[in-house]
Amino acid sequence: MGQYETESGSGAGGLGFGRYFTPHMLIADYEEGTGWQAPRIVPYGPLALDPAAKVFHYGQTVFEGMKAYKWKDGQARLFRPRDHIRRLNRSCERMCVPPLDEALLLDAVRGLVAADRDGIPDDPGTALYVRPFVIATEPMLGVAPSRTYRFVAICSPVGAYYPEGMRPVPIYVETEHVRAVAGGVGDAKTAGNYAAGLKAQEAAARLGCSQVLWLDGIERKYVEEVGSMNVFFRFGDEVVTPPLGGSILAGVTRDAILRLLREWGIAARERPIEIGEVVAGSRDGSLAEAFGTGTAAVVSPIGSLHWRGERLAVGRGEAGELSRRLYGALDGIQRGWLPDAHGWMELV
Ligand SMILES: *Cc1c(COP(=O)(O)O)cnc(C)c1O
């Protein structure tokens, strides 16, 4: 997602986030009985859809977002594409969309990135963002799973997130609207979750905040995510992130961050985090760092929290030591400057 894209994503080269697209895309259709076609590469262009297609009315759709990087050796590599494709299928399962063949899809995504290799920017900090998605295409207004679907994947060259170094952003703690609720579809990457968040995002922007810190939908008490990123806090020597409880999207970056922290011998726990604990930590200074994690920004430090009319400081308001270390480690692996001990990078 384009977390904070209006802020820091409009960096070097003016590419921004998700504004430009490469010349090709993948396309595959599904029909009951015959199943999914093999995805094929076609020129990028508009889709012709029946206005009754279910996606327009009932939002039966899922998407993914992953990045490819051009290394110094001239080869392109994708970051953990298998995990993204597996998650696409998990989102499909939740939204009653028939699953895709994961091996076939990985090959297809590789083929697309290879076809548009010249479109992968190689200025410092840039990457190619790959956006696969599935839409329900059956032209029928009854509320029921569609009997036909279209899979599409498009690619967008994206600019450097931190052309002037990591800059912590102010965040608005949303105490009324919620993003998702356990039992709903918050753990699926599906359009409605993001449309549901726009209203709060507008309120955040009016207060000069870049994004929303989401609280749980039942008590408005537990921290869930920040914008469309997972969220981490460092209290003293302990790093915490909320557990995946059905309302939180299981980020691939979140998983990578947890693994790195644990390998570094840093106590990293998945546990419920009350907003009151965050507020108290800001007041007594034990809240040393807070940051969001996601494909677009990798690590996005939080500088302050706007909570019930109050502005709360996070650490010293600069990018924290751990945020910078984590960003450096992941960015280094993704760009080939650091060894890829986990086998996260997949050659295109
Ligand atoms: C995509 C997304 C994330 C981050 O997932 P990554 O796999 O790390 O990119 C976190 N939260 C939400 C709501 C998301 O949509």
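Around the ligand sit 15 residues, counting any with a heavy atom within 4 Å of it, and Lys189, Tyr194, Glu225, Thr253 and Thr295 come nearest. This is a predicted model, where local features need pLDDT of at least 70 and side-chain atom pairs count only at 80 or more, while totals for chains, interfaces and linings use all residues. Numbering runs from 1 along each chain as its sequence is written, and side-chain values use heavy atoms, with hydrogens and water left out.

Now for the polar contacts, meaning pairs of N or O atoms within 3.5 Å. Tyr194 puts a side-chain N or O atom 2.4 Å from a ligand oxygen. For Thr253 the corresponding distance is 2.6 Å, and a polar side-chain atom of Arg87 is 2.8 Å from an oxygen of the ligand. On its own the ligand has 380 Å² of accessible area (Shrake-Rupley, 1.4 Å probe), and the protein covers 99% of that. Helix H2 (81-94), strand E12 (229-235) and helix H5 (252-263) each give two or more residues to the shell; these are DSSP runs numbered from the N terminus, with at least four residues for a helix (H or I) and at least two for a strand (E).

Zooming out, the automatic or database assignment splits the chain into domain 1 (2-158) and domain 2 (169-335). Their centres, taken over C-alpha atoms, are 25 Å apart. Across the interface, 26 residues of domain 1 touch 31 of domain 2, with contact meaning heavy atoms within 4.5 Å.

Note on methods
Polar contact = N/O pair within 3.5 Å; in protein donor to acceptor, adjacent residues only side chain to side chain.
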